[in-house]
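Student: Please pick a single part of this structure and go through it closely. I would like one connected account, with the surroundings added afterwards.

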Amino acid sequence: MGMFKRANEAESVGQAGERADLSLLLLQGEDMIEQLGRAHMSWGLGSADRWDLDQTTGIITWTFPDKTATAPAQILGSFSPGSGSWLWAWANKSILPDMSRDARSFRDWAEDNGHPALAQPKIEADEKAAATLVALAVRVTEATGYYRGPGGNSAVIITFGPVTLTAADGSVSNFNINID
């Protein structure tokens, strides 16, 4: 994805500054994803028997043998390795508008901060470029949870908020991460 590669020609101070700012956000986003992943693994993220996302309620549910975990969710977009593309949720007609608020927020940020290539509905992307888009979006939206939903031909990327854990005996606890 060309927007993340170093240009061969000379660039203005403004262009270099923009790339440095974007590079810093990318590093922060990658760090956030790593930290969020470790934190959410403590309740079982990544090991559920199944997961479901209800667009009408905006709730993601992970089902385990001994509990369920639920959280308010947003869809950032989807990555299709076969077609080598990333599609933002706001541009996907199968995603309800209320489920793409985080994606629209990132699009608005990209446009407002001089990164129109990041705000295109569909972006040519390999695995690395898709991960870069996710890291930037997680950082910019200050997401407190991130999940890559396995799928057939594509992977849906979901951000989520505070997690409610409901044990088989009906007891309830909450798992929340504060981003500073």
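Tutor: A residue counts as buried under 20% relative accessible area, as exposed over 50%, and as partly exposed in between. The model is a predicted one. The part to look at is the hairpin of S1 and S2, starting from Asp-52. Asp-52 has a relative accessible area of 31%, so it is partly exposed. Its bridge partner in S2 is Thr-61. That pair belongs to a larger pattern: strand S1 covers residues 50–54, strand S2 covers residues 59–63, and five bridges join them. The two strands run antiparallel. Four residues lie between them, and in this hairpin Gly-58 takes a positive phi near 75°.

Asp-52 also takes part in a salt bridge, with Arg-50 as the other residue. The closest N and O atoms of this pair are 2.5 Å apart. Arg-50 is partly exposed because its relative accessible area is 47%. A general point helps here: in a regular strand, side chains alternate between the two faces of the sheet.

The structure holds four salt bridges. Another of them is formed by Glu-127 and Arg-148, with a distance of 2.5 Å from N to O. This pair links distant parts of the chain, since Glu-127 is in helix H3, Arg-148 is in strand S6, and 21 residues separate them. Glu-127 is partly exposed at 42% relative accessibility, and Arg-148 is partly exposed at 35%. The loop between H3 (127–141) and S6 (146–149) contains Glu-142. Glu-142 is not a glycine, yet it has a positive phi of about 55°. With a relative accessible area of 46%, Glu-142 is partly exposed.

A further salt bridge joins Asp-108 to Arg-107, where the closest N and O atoms are 3.4 Å apart. Asp-108 has a relative accessible area of 35% and is therefore partly exposed.

Now for the setting of the hairpin. The protein chain has three helices and nine strands. From the N terminus on, the elements run α-β-β-β-β-α-β-α-β-β-β-β. Of the 180 residues, 38% count as buried. Among contacts between residues at least 6 apart in sequence, 61% join residues at least 24 apart. The accessible surface of the chain comes to about 9800 Å², and 50% of it belongs to carbon and sulfur atoms.

Note on methods: Residues are numbered from 1 along each chain as its sequence is written. This is a predicted model: local features need pLDDT of at least 70, side-chain atom pairs count only at pLDDT 80 or more; totals for chains, interfaces and linings use all residues. Side-chain values use heavy atoms; hydrogens and water are left out. Two strands pair if DSSP finds at least two bridges between them. Buried means under 20% relative accessible area, exposed over 50%, partly exposed in between (1.4 Å probe, protein chains only). Contact means heavy atoms within 4.5 Å. Accessible areas come from the Shrake-Rupley method with a 1.4 Å probe; for residues, only the protein chains shown count as cover. A salt bridge is a side-chain nitrogen of Lys or Arg within 4 Å of a carboxyl oxygen of Asp or Glu.
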